Amino acid sequence: MPSVFKALATIVAWVLFVFGLLALLVGLIRVLSAIPATAAPGVVLMSAYFGFGIISLTLSVVVMKLRQTF
């Protein structure tokens, strides 16, 4: 793999990692600041934050593994 692609893969992995951590952090803040815990749209939105965070962190690991492989 040329060095340009390795550099791009590194950048993508870091962006995914940072976005994943931010999504988990924002989701956690929304959970802690939620006043009515039974509001359906709030629960769906918080679940979306956590889901996006976990998927983003997983994809960052996949990108780094692919970068090391090639």
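Okay, so the protein chain here has 2 helices and 0 strands. Helices and strands are DSSP runs, numbered from the N terminus: H or I with at least four residues for a helix, E with at least two for a strand. Before we go on, this is a predicted model, where local features need pLDDT of at least 70 and side-chain atom pairs count only at pLDDT 80 or more, while totals for chains, interfaces and linings use all residues. Residues are numbered from 1 along each chain as its sequence is written, and side-chain values use heavy atoms, with hydrogens and water left out.

Let's take the whole chain to begin with. Of its 70 residues, 17% are buried. Buried means under 20% relative accessible area, exposed means over 50%, and partly exposed is in between, using a 1.4 Å probe and protein chains only. The accessible surface comes to about 5,100 Å², and 82% of that belongs to carbon and sulfur atoms. Those areas come from the Shrake-Rupley method with a 1.4 Å probe, and for residues only the protein chains shown count as cover.

What about contacts? A contact means heavy atoms within 4.5 Å. If you take contacts between residues at least 6 apart in sequence, 72% of them join residues at least 24 apart.

Now to helix H1, which covers residues 3-33. How far apart are the end C-alpha atoms of H1? They are 45 Å apart, and that agrees with the expected 45 Å, because the 31 residues are counted at 1.5 Å a residue. To be exact, the expected span is 1.5 Å times one less than the number of residues.

Which residues of H1 are buried? Those are Ala9, Ala13, Leu16, Gly20, Ala23 and Gly27. Keep a few of those names in mind, as they come back when we get to H2.

Next, the aromatic rings. The rule is that rings of Phe, Tyr and Trp (its six-membered ring) pair if their centres lie within 6.5 Å; planes under 30 degrees apart count as stacked, over 60 as edge-to-face, and the rest as tilted. By that rule we get 1 aromatic pair. It's Trp14 with Phe17, edge-to-face, at 5.9 Å centre to centre and 90° between the planes. Both sit in H1, 3 residues apart, so about one helical turn separates them. Trp14 is exposed, at 54% relative accessible area, whereas Phe17 is partly exposed at 34%.

Phe17 takes us across to Ser60, which is in helix H2, residues 40-69. Along the chain Ser60 and Phe17 are 43 residues apart, yet their C-alpha atoms are separated by 5.6 Å. Is Ser60 buried or exposed? It's buried, with a relative accessible area of 5%. Leaving aside neighbours within four places in sequence, Ser60 is in contact with Ala13, Leu16 and Phe17.

Another serine in H2 is Ser56. Ser56 is buried too, at 2% relative accessible area. Its side chain reaches the backbone oxygen of Leu16 at 2.5 Å. Not counting neighbours within four places in sequence, Ser56 is in contact with Leu16, Phe19 and Gly20.

Then there are the glycines. Gly53 is also in H2, and it's buried with a relative accessible area of 0%. What does Gly53 touch, setting aside residues up to four places away in sequence? It touches Gly20, Ala23 and Leu24. Its C-alpha is 9.5 Å from the one of Val26, and those two residues are 27 apart along the chain.

Over in H1 we have Gly27, buried with a relative accessible area of 0%. Leaving out neighbours within four places in sequence, Gly27 is in contact with Tyr49 and Phe50. Gly27 and Leu45 are 18 residues apart along the chain, with their C-alpha atoms separated by 8.3 Å.

Last stop is Ala7, which lies in H1. Ala7 counts as partly exposed, at 39% relative accessibility. Ala7 and Arg67 are 60 residues apart in sequence, and 9.1 Å apart in space, C-alpha to C-alpha.

So, to recap: 2 helices, 1 aromatic pair, and residues such as Ser56 in contact with Leu16, Phe19 and Gly20. That's me done, thanks!

Terms used
A polar contact is a pair of N or O atoms within 3.5 Å; within protein, one must be able to donate a hydrogen and the other to accept it, and residues adjacent in sequence count only if both atoms are side-chain atoms.
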